[in-house]
Amino acid sequence: MDLAGKASIRENYEQVLEQISRSARRAGRDASEVKLVVVTKGHPLEVVQEAVEAGARCFGENYAEEGAAKIGALGRAGELEWHMIGHIQSRKARIVCEHFDFVHSLDSWKLAERLDRFAAETGKALPVLLECNMSGEASKFGWRAWDEENWPALETDFARILELANLEVRGLMTMAPFFFEPESARPYFRNLRRLRNQLVRRLPGGNWNELSMGMSGDYEVAIQEGATMVRIGTAILGARQIAIVKNELGGSG
Ligand SMILES: *Cc1c(COP(=O)(O)O)cnc(C)c1O
C-alpha cells in the first residue's frame, strides 16, 4: 500500500482476495463461490496490465468503446475474461456482443432483443445477468425491483428474455446506493437474493445461480448476503482517471 506502481496493485489485489476468502468463510461459504471482477473503467492499459501481472484474469468495463479498445489491445481468448457492467445504449449492443464475454447490465427488453440478434450473428450465446434497481434511485439503471409489488411484472419480462435463443440468463445484478457505513447496503443485497429465490420457484426453467453485487465499499456485506460475483475497482487499482481515458478514446459510453 505504501509503494507506488506494481507492488501496490499486486498488494491490493492480494489483500482483496484474502478479504473475499475471509468474508466467505465467516458466512459459512467457500471462497471459490465468489468470483472477483476487477473493474478497470477509467484506467489506462498500463494499469490493466499491472493487474494481469498481479494475477487478475477477469475484468469489468462500463463503456463499450473503452472496453473494446482494451480488449483489442490485451486480447481475451482463453486468457482474459471481459465483463460489461455498465449501462448499454442500444446502438452499442453490437460492440458489446462482439467483444465482451459476459454482460451484467441487461436492463430492458429492447436491449435484450438487440443483444440476442447480434449474438446470433456472432454465432455464440451471450451470458447475461438482469440488472435490478433495488433502491429506486433515479440515477440507477435496472428493472424496477425496489417495490415488491412489481415483482410479478418483472417475472413476465424475464420469462420472455429466457426464451431468447442467443442469450443465456445466469442470474441477477444490482448496485446498492452509496453509504459511508457498508452495513446500510445490506437490505438491498438481501432483497436481490430474495427476488432471486422467488425466481427460482416461479421461473424454474431459468438459471438464477449468479448474484453480482458488492463493490469496493460494500463487498464484504454482499458476500455475507450471497454474492457470487463482486465488482471491485478502487480498492485494487486506486482512483480512476476517467477524463484522461475518455479523451484518449474520443469519448465513449
Ligand atoms: C465502477 C463500478 C464498480 C466498481 O466500483 P469501485 O467502487 O471502484 O469498486 C462496480 N460496479 C459497477 C456497475 C461500476 O460502475
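Twelve named positions surround the ligand in this predicted model: Val 39, Lys 41, Asn 62, Ile 85, Met 175, Met 215, Ser 216, Arg 231, Ile 232, Gly 233, Thr 234 and Arg 240. The ligand sits in the largest pocket. Its oxygen atoms have polar side-chain partners in Ser 216, Thr 234 and Arg 240.

**Ligand shell**

- By residue class, the shell around the ligand consists of five nonpolar, four polar and three charged residues.
- Val 39, Ile 85 and Met 175 are among the residues around the ligand, as are Lys 41 and Arg 231.
- The run Arg 231, Ile 232, Gly 233 and Thr 234 also belongs to this set of surrounding residues.

**Polar contacts and burial**

- In Ser 216, a polar side-chain atom lies 2.5 Å from an oxygen atom of the ligand.
- For Thr 234, the distance from a polar side-chain atom to an oxygen atom of the ligand is 2.5 Å.
- The side chain of Arg 240 places an N or O atom 2.8 Å from an oxygen atom of the ligand.
- The ligand exposes 390 Å² when taken alone, and the protein buries 91% of that area.

**Overall fold**

- The secondary structure of the chain comprises 10 helices and nine strands.
- The chain has a radius of gyration of 18 Å, which agrees with the value near 18 Å for a compact globule of 253 residues.
- Along the principal axes, the C-alpha atoms of the chain fill a box of roughly 50 × 45 × 35 Å.

Technical notes: Residues are numbered from 1 along each chain as its sequence is written. This is a predicted model: local features need pLDDT of at least 70, side-chain atom pairs count only at pLDDT 80 or more; totals for chains, interfaces and linings use all residues. Side-chain values use heavy atoms; hydrogens and water are left out. A residue is near a molecule or strand if one of its heavy atoms lies within 4 Å of it. A polar contact is a pair of N or O atoms within 3.5 Å; within protein, one must be able to donate a hydrogen and the other to accept it, and residues adjacent in sequence count only if both atoms are side-chain atoms. Accessible areas come from the Shrake-Rupley method with a 1.4 Å probe; for residues, only the protein chains shown count as cover. On a 1 Å grid over the protein atoms alone, a cavity is a set of points where a 1.4 Å probe fits but cannot get out, and a pocket is an open set with protein on both sides within 12 Å along at least five of seven lines; lining residues have an atom within 4 Å of a point. A molecule sits in a cavity or pocket if more than half of its atoms lie within 2 Å of its grid points. Ala, Val, Leu, Ile, Met, Phe, Trp, Tyr, Cys and Pro count as nonpolar, Asp, Glu, Lys and Arg as charged, and the others, Gly among them, as polar. Helices (H or I, at least four residues) and strands (E, at least two) are DSSP runs, numbered from the N terminus. The radius of gyration is taken over C-alpha atoms; the globule rule is 2.2 Å times the number of residues to the power 0.38.
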